[in-house]
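Welcome! Here is a friendly walk through one molecular model, for someone meeting it now. Please look at the sequence and the picture, and then read on.

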Amino acid sequence: MAPISSSELTDKVVLITGGSRGIGFSAAKALGNLGATVLIVGVSPDNLARAVAQLVSLGIDADGICIDVANGDAVAEKIGNHALAAGADILINSAGVMSEKMAKTLRTSQDEWRRVMSINLDGTFNMISAVGPQMAARKSGRIINVSACLGRFTGPGLAGGLAPYRISKAGVNALTKNLAAELGSGTRGVLVDAMCPNHTQTDMGGPLAPRTPDEAADTICWLATRTHDADTQTGLLWEDRKIVPW
Ligand SMILES: NC(=O)c1ccc[n+]([C@@H]2O[C@H](COP(=O)([O-])OP(=O)(O)OC[C@H]3O[C@@H](n4cnc5c(N)ncnc54)[C@H](OP(=O)(O)O)[C@@H]3O)[C@@H](O)[C@H]2O)c1
């Protein structure tokens with residue numbers, strides 16, 4: 001993979017949900033190392049404090065915002081009233097939870113359905129609602145939604161099982177494509193994309209997964225830093241810096 005130029009993110013603010021652990025933390029580290037101010041969002045105060053301390057120890061300008069992304073009112077209040085976060089240049093929605101292993105559709109409880117949908121899909125919508133209007137008004141911004149191959153309508157997607165998870169990610173994909181179209185498919189300065197990190201060694205992916213979180217974060221960082229011109233493709237699903245079918 002080509003290295004990302006280090007001059008691109010000075011004076012930029014990157015807001016990353018799920019930045020306290022896993023793939024989101026790796027993205028925060030990589031983009032912070034490129035000079036960005038990183039604001040990481042997590043739900044556990046301890047995890048958040050630990051992650052911020054780690055980033056700061058690397059010389060990164062980092063801070064944490066503790067919110068449950070599923071709580072739309074809390075997101076609107078805490079992000080909307082946080083000048084840096086509300087005006088973020090780049091929003092990365094990486095916060096997510098896996099569904100219970102046996103969560104076939106007909107075995108999924110209402111509580112389990114709502115738990116996964118509210119974090120993975122509503123949480124993405126809540127964060128975009130808090131930050132997107134300023135990006136649209138400024139005609140500048142990047143929104144990167146961390147999706148999953150399991151949410152595709154092709155390839156490994158929607159083959160049954162893990163129903164709330166797969167369907168939440170299919171929803172994230174739909175939200176991405178729809179929002180990108182509403183924002184002029186990049187012609188008005190805001191790029192909106194989804195990406196699949198692939199099976200990754202995190203608390204969610206487990207220790208035997210083939211990729212490291214840093215490898216998984218590469219496409220996120222590439223989307224966050226790629227140059228934007230008339231030929232830039234957006235409103236798409238990406239994996240390893242390449243477009244994959246929804
Ligand atoms: N790992 C994989 O193999 C894989 C594969 C495909 C897609 N993905 C996707 O990649 C993204 C990141 O996954 P990961 O493997 O890095 O997961 P992870 O290691 O389990 O980390 C999950 C992150 O999400 C945050 N989070 C969870 N619920 C939240 C809530 N209600 N409000 C705010 N933050 C919340 C966690 O914060 P706390 O630390 O505060 O709990 C943590 O930072 C997810 O969207 C996942 O679906 C992962």
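A residue is called buried if 20 or more other C-beta atoms lie within 10 Å of its own, exposed if 12 or fewer, and partly exposed in between. Please keep in mind that this is a predicted model.

## Three residues to start with

With that cut-off in hand, take R241, which sits in the loop between β7 (237-239) and β8 (242-244). R241 has 13 C-beta neighbours inside 10 Å, so it counts as partly exposed. Its backbone is worth a look too: the phi of R241 is near 65°, a positive value in a residue other than glycine. For background, most residues other than glycine have a negative phi.

L162 also has a positive phi, of about 45°, although it is not a glycine. You will find L162 in the loop between β5 and α6. Here the neighbour count is 24 C-beta atoms inside 10 Å, and L162 therefore counts as buried.

Moving on into helix α6 (residues 163-182), we meet K177. K177 counts as partly exposed because it has 17 C-beta neighbours inside 10 Å. Along the sequence K177 is 108 residues from V69, and in space the two are 21 Å apart, C-alpha to C-alpha.

## The sheet

In what order do the strands of the open sheet follow one another? There are eight of them, and the order is β3-β2-β1-β4-β5-β6-β7-β8, with mixed pairing. The edges are taken by β3 (62-66) and β8, each with a single partner strand, so one side of each has no neighbour in the sheet. On average, neighbouring strands are turned by 25° against each other, direction ignored. Helix α2 packs on this sheet, where α2 touches β2 and β3, and its direction makes about 170° with that of β3.

In general, strands of a sheet pair through backbone hydrogen bonds, either parallel or antiparallel. Four of the pairings are set out here, each with one pair of bridge partners or facing residues.

| Strands | Sense | Bridges | Residue pair |
|---|---|---|---|
| β1 and β2 | parallel | five | V14 and V38 |
| β1 and β4 | parallel | four | I16 and I92 |
| β4 and β5 | parallel | four | I92 and I144 |
| β7 and β8 | antiparallel | three | E239 and K242 |

Note that I92 appears with I16 of β1 and also stands opposite I144 in β5.

## Inside the sheet

Why is strand β1 (residues 13-17) described as largely enclosed by the rest of the structure? Four of its five residues are buried, and that is the reason. I16 belongs to this strand, and with 35 C-beta neighbours inside 10 Å it counts as buried. Leaving out residues up to four places away in sequence, I16 touches G24, A27, A28, V38, I40, V41, I92 and S94. R115 is 99 residues from I16 along the chain, and their C-alpha atoms are separated by 20 Å.

Strand β4 (residues 90-93) offers another view of burial. I90 and I92 point one way from β4, L91 and N93 point the other way, and all are buried.

## Two helices side by side

Next, look at helix α3 (residues 72-80) and helix α5 (residues 110-138). They pack at an angle of about 30°, with their axes 9 Å apart, and α3 passes α5 in a right-handed crossing. From α3 the residues G72, V75, A76, I79 and G80 take part, meeting D122, N126, M127, A130 and V131 of α5. By class, this contact divides into six nonpolar residues, three polar and one charged.

## Around the ligand

Our last stop is the ligand, with 31 residues around it. Which of these come nearest? They are G22, G42, G96, T202 and G205. The shell around the ligand is made up of 14 nonpolar, 14 polar and three charged residues. Elements that each supply at least two residues of the shell are α1 (22-33), β2 (37-42) and α2 (45-57). Of the contributions to the shell, that of α1 is the most, with three residues.

Note on methods:
Residues numbered from 1 in each chain as written. Predicted model: local features only at pLDDT ≥ 70, side-chain atom pairs only at ≥ 80, totals over all residues. Near = placed C-beta within 6 Å. Nonpolar A, V, L, I, M, F, W, Y, C, P; charged D, E, K, R; others polar. Axes fitted to C-alpha atoms, helices over the stretch in contact; angles between N-to-C directions. Left-handed = near helix turned anticlockwise from the far one by under 90°. Contact = placed C-beta atoms within 7 Å. Pairing = 2+ DSSP bridges.
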